[in-house]
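User: I'd like to learn how to read a ligand site and a nonpolar core in a model. Could you walk me through one?

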Amino acid sequence: MKRPLIASCLCAAAMTAFLAGAALAQDASKTVMAACTKCHNAQRVCTALGKKDQAAWDATVTRMMGKGAQVSEKDKPAVVAYLAGLKPGSKPVCE
Ligand code: HEC
């Protein structure tokens, strides 16, 4: 009798984690499309997808923030992870 209850609890926890992850990725996507298209278009970011690893994106985002990109220190890790995880040609960065 206990099993279905445990299974549904695990499922609910997994769903919550999945939804939280999806929401974070969506926030990061919005931040990129708002903050990284001010000086150059998204094509500039698109061109670099798949060519930079996490560390390289971290360096790029840091450099762009130094130029004035509106990314908060709090949002930065999610933005870096989002960019590092995007495959070449991914929307909405590449249209
Ligand atoms: C304040 C203006 C400005 C903003 C905002 C900005 N950039 Fe840039 N970006 C530049 C300039 C200028 C260059 C070309 C010179 C250079 O590479 O430093 C550039 C070049 C790039 C390049 C190509 C060079 C490389 O290192 O691969 C990428 C990728 C890039 N930007 C990504 C981003 C991302 C991601 C964001 C948002 C976090 C962003 N930019 C926001 C000014 C900006």
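Analyst: Let's go through the ligand shell, then a helix, then the core. Keep in mind that this is a predicted model.

User: Okay, which residues come nearest to the ligand?

Analyst: Start with who sits around it. There are 16 residues around the ligand, and the nearest are Cys-36, Cys-39, Met-64, Gly-68 and Ala-69.

User: What is the make-up of that shell by class?

Analyst: Sort the residues by side-chain class. Here you get ten nonpolar, three polar and three charged residues.

User: And which helix gives the most to the shell?

Analyst: Map the shell back onto the helices. Helix H2 (42–48) and helix H3 (54–67) each supply at least two residues, and H3 gives the most, with four.

User: How does the span of H3 sit against the expected one?

Analyst: Check end-to-end length against 1.5 Å a residue. H3, with 14 residues, reaches 20 Å from first C-alpha to last, close to the expected 20 Å. Just after H3 comes Gly-68, with a positive phi of about 125 degrees; Gly-68 is also one of the residues nearest the ligand.

User: Now the core: which residues touch the most other members?

Analyst: Look for the well-connected ones. In the largest nonpolar core, which has 14 residues, they are Val-32, Val-61, Val-79, Val-80, Tyr-82 and Leu-83. Helix H1 (2–35), H3 and helix H4 (76–85) each give two or more residues to this core, and H4 has the largest share, four.

User: What is Val-80 in contact with, beyond its sequence neighbours?

Analyst: Skip anything within four places in sequence, and Val-80 is in contact with Gln-54, Trp-57, Asp-58 and Val-61.

Technical notes:
Residues numbered from 1 in each chain as written. Predicted model: local features only at pLDDT ≥ 70, side-chain atom pairs only at ≥ 80, totals over all residues. Near = placed C-beta within 6 Å. Nonpolar A, V, L, I, M, F, W, Y, C, P; charged D, E, K, R; others polar. Expected span 1.5 Å × (residues − 1). Core = buried A, V, L, I, M, F, W, Y, C linked by C-beta atoms within 7 Å. Buried ≥ 20, exposed ≤ 12 C-beta atoms within 10 Å, placed from the backbone. Contact = placed C-beta atoms within 7 Å.
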